[in-house]
Amino acid sequence: MIEFKDVTKKFASEPVLDKINFLIDKGSFVYLVGPTGSGKTTIFRLIIRDILPSEGTIALGDWDLLTLPRSKVPHLRRRVGVVFQDLRLLMDRTVSENVMLPLEFSGMSETEAREKAEKVLSEVGLAGKFDQFPLQLSGGERQRVAIARALVFEPEIILADEPTGNLDIETSFQILDLLQTINKKGTTVFMATHNEKLISGHDRVIVLEKGRIVEDRSSEKSKKKSSSKEDSQEKVETSKETEKKSHPAEDKIKLEILAKND
Amino acid sequence: MISTVSKYVRRSPYQALSAALIMSLTFFAITIFSILTILSIRFISYFETRPQLTVFFKDSASRDEIRGLENKLSDTGRTSSITYVSKEEALAIYKEQNKKDPILLDLVTADILPASIEVQATQAEYLADLAGIVRGSPLVEEVVFQKDIVDTLISWTNAARRLGIAIIAILVTVSVLVIITIIGIKITVRREEIETMKLLGATNWFIRAPFLLEGAFYGFVGSLAGGGLAIALFYYFSPSFEAFLRGVAIFPISPVMMLELLAIETIVACLLGMFASYMAVLRYLK
């Protein structure tokens, strides 16, 4: 589905990504974990061809993103739904209008686009908020609007860049649940986060540090593929221990949320 | 798309007003210039169809003597027509031309108007020779050479045309620059929104089209306002012009012709607005 082969990206001769290799299968849920500045957003920008790699190749399905003509870039971006780190909602447009926006590009009529946008908004739990403006919503609701906008084109892949970045833990899990529900319907989800507490033990985790993959923790569903094969074994062992340790904390938080909801 | 354009216009009304006003000014000038061109063409063609040589006689000249001079001109074989206008006929023409001004009519009698002949030459180059023949006659008071009048008119209208074209060129340039600046500001203000739209999969055309339409909109409004005002003013002042140019039959100008002029101007204005917007889009939306 998405394949990075020896991808290096330099900004002003400074490498931001260094020889990145991974393959994400269709329908999988993959976390991209790493501290701020580790290159997570750069990977997403490369996938939507906002920038080009300095070296290496990137493929999305059967499209080679390096040789993709510029005229095809809008089509590529409609195959990929993006939840931006800063959301990029248009503050002077209503919730519905924000979600309708990508549909307008395809020439869909306003009525049809509005109907579809409101259906998707209802699915993400925002029924009744259609005519509100983003500034009238809570952080979690705005995040849902961004997710709805990414979903409205029924993309093959959702790229979610720190979708829980500024949210409290309860809302973060709600957003995560939403993304997992989307994934269960067959959409590939590639989610960047620096919050390891959110990571479910069943899904694949790619850990990024200073532009290099230091760990590729595969789930039962997908096979491990790491760019930094050298000395990775040791790191994988360490990560398994971290995983074991993180689970009880996550479970505890989830139980607290359930108790609150009750 | 139309609703997007209307939103863009409503969001910055003063910029929109500036763009529409400069376009109005430009197309007001273009319309005035076009009307003056139409009038000058009619004015010149009016004089071109007038007798090419008018010979005014002294009061002492008898009809027989004048007839003798007419025969002399006819014998050259270079005249296509010679028409005699007696003092009484001259008075009748004068009265017809000044029928709305009784004071002028009261002051003039047939005695003070000269008899004349109006001569048409078979070819323009014969006029100088024909004029030479009549100028030598002691019966002749004055010879009016129509070609001189037409040549003077043409040189005046050409000078006015050059000045008009220069003024219009300046106004068109200013209009284009103003629209480029205004659309450029709008693009800069909406940079983030445009960036987001691109990242979400909008094509370049989808992003550019509203700006191009906005430019066309300024052209449309400007040409209708400027052109419409100029045409309205022309019809309002037409009776005064007509009275001023009495006897020169260049009026009326058909309203259909004016509507055609306005339609052409509107198309040109829309294209000009789109061109200016396209320049802005090329400059600011790389």
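**Exercise 1. Strand partners in chain B**

Which residue is the bridge partner of B:Ile82 in β3(B)?

*Worked solution.* Keep in mind as you work that this is a predicted model.
- Step 1: Find the strands that pair with β3(B). β2(B) is joined to β3(B) by six bridges, and the two run antiparallel.
- Step 2: Look across from B:Ile82 into β3(B), and you meet B:Val119, its bridge partner.
- Step 3: Now turn to β1(B), which also runs antiparallel to β3(B), with four bridges between them. Here B:Ile117 of β3(B) stands opposite B:Val55.

**Exercise 2. The two sides of a helix**

Find which residues of helix α6 in chain B are buried, and explain why they are said to line one face.

*Worked solution.*
- Step 1: Go to residues 127–135 of chain B, which form α6; the buried residues there are B:Leu127, B:Leu130, B:Ala131 and B:Val134.
- Step 2: Look down the axis of α6(B): the buried residues fall within an arc of 100°, so they line one face of the helix.
- Step 3: Check the face turned away from that buried side. It carries B:Ala128, B:Asp129 and B:Gly132, which are exposed.
- Step 4: Ask what the buried residues pack against. Their neighbours in chain B include the strands β1 (53–57), β2 (79–85) and β3 (116–121), and also the helices α3 (63–75) and α7 (146–189).

**Exercise 3. A sheet in chain A**

Work out the strand order of the open four-stranded sheet in chain A, and name its edge strands.

*Worked solution.*
- Step 1: Read across the sheet: the order is β2-β1-β4-β5, with antiparallel pairing.
- Step 2: Pick out the strands that pair on one side only. These edge strands are β2 (14–24) and β5 (63–64) of chain A.
- Step 3: Move to β1 (residues 2–11) and β4 (residues 55–60) of chain A, an antiparallel pair with five bridges. One landmark is A:Glu3, whose bridge partner in β4(A) is A:Ala59.
- Step 4: Add the helix. α1 (residues 40–47) of chain A packs on this sheet and touches β1, β2 and β4 of chain A. Its direction makes about 115° with that of β1(A).

**Exercise 4. Where the chains meet**

Describe the side of chain A that touches chain B.

*Worked solution.*
- Step 1: Count the residues in contact: eleven from chain A and nine from chain B.
- Step 2: Locate the elements of chain A that give two or more residues to this side, namely α2 (73–79) and α3 (95–105).
- Step 3: Sort the residues on chain A's side: seven are nonpolar, four are charged and none is polar.

Notes: Residues are numbered from 1 along each chain as its sequence is written. Chains are lettered from A and ligands numbered from 1 in the order in which they are written. This is a predicted model: local features need pLDDT of at least 70, side-chain atom pairs count only at pLDDT 80 or more; totals for chains, interfaces and linings use all residues. A residue is buried if 20 or more other C-beta atoms lie within 10 Å of its own, exposed if 12 or fewer, and partly exposed in between; C-beta atoms are placed from the backbone. The arc is that of the directions from the helix axis to the C-beta atoms. Two residues are in contact if their C-beta atoms, placed from the backbone, lie within 7 Å. Ala, Val, Leu, Ile, Met, Phe, Trp, Tyr, Cys and Pro count as nonpolar, Asp, Glu, Lys and Arg as charged, and the others, Gly among them, as polar. Two strands pair if DSSP finds at least two bridges between them. Axes are lines fitted to C-alpha atoms, for helices over the stretch in contact, and angles run from 0 to 180 degrees between N-to-C directions.
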